[in-house]
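Colleague: I'd like to learn how to read helix packing from a model like this one. Could you walk me through it, one feature at a time?

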Amino acid sequence: MAPIGTRSPPSWGWFVAWLFAGAACALALLSALTIGIFVLPFAGAAVVFLATRRGATDGVAGLISGLGLPVLYVAYLNRNGPGDICTHTATSSSCTQESSPWVWFSLGVALVVVGVVLFVRRRPPR
């Protein structure tokens with residue numbers, strides 16, 4: 001047990017739990033018109049569950065990093081963009097409009113890095 005007035009180092013387990021909760025929240029937001037309405041209750045329940053656990057708030061910076069994971073997936077999906085991207089097979093062809101992946105990639109990486117840095121820099125009081 002730590003002496004009174006000091007904190008133990010933050011737990012990576014809580015960080016990962018908050019990371020998944022943040023990813024669920026971002027997924028619900030990014031897919032609001034499709035599956036987001038079904039993901040939102042689970043994301044909300046995860047946040048409430050973690051917020052009510054003793055010691056879990058030490059890893060709350062994982063929520064920020066988790067927000068970046070679905071954003072990185074959107075960057076991956078737009079990897080051939082920007083513009084009209086057409087695919088052709090022997091029996092069919094299709095075209096889709098893709099945005100620039102660099103905007104999504106930059107935002108996703110920034111969110112993940114900010115969350116990790118905030119978590120690592122959390123220092124116990126002296």
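**Reading the helix packing**

Modeller: Let's start with one residue, Val47, which is found in helix H2. Keep in mind as we go that this is a predicted model.

Colleague: Is Val47 buried, exposed or partly exposed?

Modeller: The idea is to look at relative accessible area: buried means under 20%, and exposed means over 50%. Val47 has 25%, so it is partly exposed.

Colleague: Which residues is Val47 in contact with, leaving aside its neighbours within four places in sequence?

Modeller: With that filter on, Val47 is in contact with Trp18, Ala21 and Cys25.

Colleague: That spacing looks familiar from helices.

Modeller: Here is the general idea: an α-helix has 3.6 residues a turn, so residues three or four places apart point the same way. You can also compare Val47 with Val60: they are 13 residues apart in sequence, and their C-alpha atoms are 9.7 Å apart in space.

Colleague: Let's step back. How many helices and strands are there in the protein chain?

Modeller: The chain has four helices and two strands. Read from the N terminus, the order is α-α-α-β-β-α. Of its 126 residues, 28% count as buried.

Colleague: And among contacts between residues at least 6 apart in sequence, what percentage join residues at least 24 apart?

Modeller: That share is 72% in this chain.

Colleague: Now to helix H1. What span should its 19 residues have, and how far apart are its end C-alpha atoms?

Modeller: A helix can be checked against a rise of 1.5 Å a residue, and on that basis H1 should span 27 Å. Its end C-alpha atoms are 26 Å apart, which agrees.

Colleague: Which residues of H1 are buried?

Modeller: They are Phe15, Trp18, Leu19, Ala21, Gly22, Ala23, Ala24, Ala26 and Ala28. As for partners, the buried residues of H1 pack against helix H2 (36-51), helix H3 (61-77) and H4.

Colleague: Let's take those pairs in turn. At roughly what angle do the axes of H1 and H3 cross?

Modeller: They cross at roughly 45 degrees, and the axes come within 6 Å. That angle makes H1 oblique to H3. The crossing of H1 past H3 is right-handed. By class, their contact has 16 nonpolar, four polar and no charged residues.

Colleague: Which residues of the two helices meet there?

Modeller: On the H1 side they include Trp18, Leu19, Gly22, Ala26 and Leu27, and on the H3 side Leu63, Gly66, Leu67, Pro70 and Val71 are among them.

Colleague: Could we use Leu27 and Val71 as examples?

Modeller: Gladly. Leu27 lies in helix H1, and with a relative accessible area of 35% it is partly exposed. Not counting residues up to four places away in sequence, Leu27 touches Val39 and Pro70. Val71 lies in helix H3 and counts as buried, at 6% relative accessibility. The two are 44 residues apart along the chain, yet their C-alpha atoms are separated by 8.5 Å.

Colleague: What does Val71 touch, not counting residues up to four places away in sequence?

Modeller: Val71 touches Leu30, Trp104, Leu107 and Gly108. Its C-alpha atom is also separated by 9.1 Å from that of Leu111, 40 residues apart along the chain.

Colleague: How do H3 and H4 pack, in angle and in distance between axes?

Modeller: The angle is about 160 degrees, with the axes 7 Å apart. H3 and H4 are therefore roughly antiparallel to each other, since angles over 145 count that way. Their crossing is left-handed, and the contact has 19 nonpolar, four polar and no charged residues.

Colleague: One pair remains on my list. At roughly what angle do H1 and H4 cross?

Modeller: The axes of H1 (residues 12-30) and H4 (residues 101-121) cross at roughly 150 degrees and come within 12 Å. That makes H1 roughly antiparallel to H4. This crossing is right-handed. Trp12, Phe15 and Leu30 in H1 meet Trp104, Gly115, Val116, Phe119 and Val120 in H4. Those residues divide into seven nonpolar, one polar and no charged.

Terms used:
Residues are numbered from 1 along each chain as its sequence is written. This is a predicted model: local features need pLDDT of at least 70, side-chain atom pairs count only at pLDDT 80 or more; totals for chains, interfaces and linings use all residues. Side-chain values use heavy atoms; hydrogens and water are left out. Axes are lines fitted to C-alpha atoms, for helices over the stretch in contact, and angles run from 0 to 180 degrees between N-to-C directions. Angles under 35 degrees count as roughly parallel, over 145 as roughly antiparallel, 65 to 115 as roughly perpendicular and the rest as oblique. A crossing is left-handed if the near helix is turned anticlockwise from the far one by less than a right angle, and right-handed if clockwise. Contact means heavy atoms within 4.5 Å. Ala, Val, Leu, Ile, Met, Phe, Trp, Tyr, Cys and Pro count as nonpolar, Asp, Glu, Lys and Arg as charged, and the others, Gly among them, as polar. The expected span of a helix is 1.5 Å times one less than its number of residues. Buried means under 20% relative accessible area, exposed over 50%, partly exposed in between (1.4 Å probe, protein chains only).
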